Amino acid sequence: MCHSIQKPSAPLSVAALVCLTTLSHHASSAQLHAKSLGEAVSAIQGSNSGWQYNPASSAYSTSDSFVVFNGEYSQMTSENNQLEHNWSSFGVTAGWQGTRDHYVVMGMDITLDPIYQNLHVSEPSTNSDTVGGRVIDYTFGFGYRFADPGLQLGVSLIGSDFADSPVSTEGPLSYSAGLIKEWRTQASVSSTNALVLSGTIGGNYRSKSEFDATHYASKQTVVTVPSSAHLGTTLSLANLNDNLNHKLTLSADIEHRDFLVGFNREKSLYITKLGADWRLFPSQSQLQYSLRGGIQTPHLSGASTLISYGIALNWKHHLLEASSWQEFDDQGQKRSLAGVGYSFIF
C-alpha cells in the first residue's frame with residue numbers, strides 16, 4: 001500500500017508520483033547513499049545505509065511488503081592515485097505491514113575485505129603482539145514505523161571478525177539505536193501542480209567496538225571503533241506536476257565521537273555534516289534520477305573539509321548508484337574512495 005499525497009482536483013497520475021518517489025527509499029546500497037551525502041543521514045528516511053548509521057532510517061516502508069537485495073563494490077586509492085585495496089558487501093532488507101499503519105522492517109549486511117590486516121594489541125614501545133586476517137563486518141537490524149504520527153524506531157548490532165587468523169579471536173561487537181520523527185504539509189498551486197514541504201529530525205547513538213585481546217600477555221581490549229552520538233534534520237521541497245517533477249532534500253548532522261589518538265587513547269571530536277539530494281522523475285516514466293553531494297568538517301585543529309558526491313538511477317525494480325568520497329587515514333591524511341552499487345526491489 002502506498003500513502004499518496006492527495007491533491008484536490010488533480011489528475012490521478014500526479015498523486016501517484018508520490019508513490020513513485022518512495023520506491024528508492026527501499027533501495028540504497030549498504031553505504032553508498034550515506035557516503036555520497038557526506039554521512040549527513042541521521043534523519044534521512046528509507047536508506048539501507050541506516051543499518052550502519054541510524055537504524056531508524058531503514059525502518060521506512062509504505063508498502064504492504066517488500067524485499068530488497070543489494071550489493072556494492074568499493075575501492076580506496078592513495079593521494080598519488082595508487083590502488084590500495086578494495087572490498088565488497090551485500091545485504092538484504094525486508095519489510096511488511098503489521099497492524100494498520102504500522103510497519104516492521106528487518107535487514108542484514110555483510111562486508112568482505114580481501115586484504116589481510118594486522119591489529120596491534122600491545123603498546124608500540126613494548127614487544128608488540130599482533131593478530132590479523134581478512135576482515136568480515138556484519139550488521140543485523142530491526143526497525144518499526146508508526147505511519148501516524150510519522151515515527152520510526154530502529155536498532156542494529158554491528159560486529160567484525162578476522163577470517164584466516166592464526167589464533168582464536170573474538171571480534172568486536174557494538175550496537176546502534178535511533179529514532180526519526182517526520183512532518184509534512186502540502187499546498188496546491190493549480191489543478192495540476194502541487195508543492196509538498198516535509199522534514200524530519202532524528203538522532204542515534206552507537207556504542208564503541210572493542211577487540212578482545214585478553215589471551216595475550218597485554219591482558220587488555222583494543223578499541224577499533226569509538227562510540228559516537230548523532231543529531232540531524234532534513235528539509236525537503238517537492239514540485240509535482242504532469243511534466244518533469246523535482247524534489248530537493250537538504251540534510252544537516254552534528255556528530256560527537258570519541259576520536260582515537262595513539263594506542264587506545266580517546267579524545268572528543270565534533271563533526272559537522274551537510275548533504276543535498278536532488279531528484280528528477282518524469283510524470284510519464286518510472287525513471288528517477290538523483291544527484292547527491294555532501295561535505296564533512298571536523299572541528300579539529302589542522303583538519304580540512306571532506307567532500308563527497310554521487311549519482312543514482314532508479315528504474316522500476318532496479319537501482320544503480322555510484323559515489324566518490326574522502327576520509328582520513330590513521331595518520332590524518334586524506335584518501336579517496338569510490339564505489340558502485342546495485343539493488344533489486346521485490
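Tutor: Let's start with a cut-off: a residue counts as exposed when its relative accessible area is over 50%, as buried when that is under 20%, and as partly exposed in between. Keep in mind that this is a predicted model.

Student: Okay, why is Phe346 called exposed?

Tutor: Phe346 has 56% relative accessibility. The bar is over 50%, so Phe346 counts as exposed.

Student: And what makes Phe69 partly exposed?

Tutor: Phe69 comes in at 42% relative accessibility. That value falls between the two cut-offs of 20% and 50%, so partly exposed is the label for Phe69.

Student: How do you know that Phe69 and Phe346 form an aromatic pair?

Tutor: Ring centres have to lie within 6.5 Å. There are five aromatic pairs by this rule. For Phe69 and Phe346 the distance is 5.8 Å centre to centre, and they form one of these pairs.

Student: Why is that pair called edge-to-face?

Tutor: Look at the angle now. Planes over 60 degrees apart count as edge-to-face, and the planes of Phe69 and Phe346 are 85° apart, so the name fits.

Student: Which parts of the chain does the pair link?

Tutor: Distant ones! Phe69 sits in strand 1, while Phe346 belongs to the segment after strand 16, 277 residues apart. There's a third ring to look at, too: ring pairs link Phe69, Phe344 and Phe346 into a cluster.

Student: Let's move to strand 14. How do you know that its side chains alternate?

Tutor: Check who points where along residues 306-315. Leu306, Ser308, Gly310, Ala312 and Asn314 point to one face and are buried. Ile307, Tyr309, Ile311, Leu313 and Trp315 point to the other face and are not buried. In a regular strand, side chains alternate between the two faces of the sheet.

Student: How do you know that strand 14 pairs with strand 13?

Tutor: Pairing takes at least two bridges. Strand 13 and strand 14 are joined by ten, so they pair, and they run antiparallel. Along the way, Gly293 stands opposite Tyr309.

Student: What about strand 14 and strand 15?

Tutor: Eight bridges there, against the required two, so that's a pair as well, also in the antiparallel sense. For instance, Gly310 has Ser323 in strand 15 as its bridge partner.

Student: What do strand 14 and strand 15 form, and how many residues lie between them?

Tutor: They form a hairpin, with two residues between the strands. In that turn, Lys316 has a positive phi of about 55°.

Student: And how many strands does the whole chain have?

Tutor: The protein chain has 16 strands, plus two helices.

Definitions and conventions: Residues are numbered from 1 along each chain as its sequence is written. This is a predicted model: local features need pLDDT of at least 70, side-chain atom pairs count only at pLDDT 80 or more; totals for chains, interfaces and linings use all residues. Side-chain values use heavy atoms; hydrogens and water are left out. Helices (H or I, at least four residues) and strands (E, at least two) are DSSP runs, numbered from the N terminus. Buried means under 20% relative accessible area, exposed over 50%, partly exposed in between (1.4 Å probe, protein chains only). Rings of Phe, Tyr and Trp (its six-membered ring) pair if their centres lie within 6.5 Å; planes under 30 degrees apart count as stacked, over 60 as edge-to-face and the rest as tilted.
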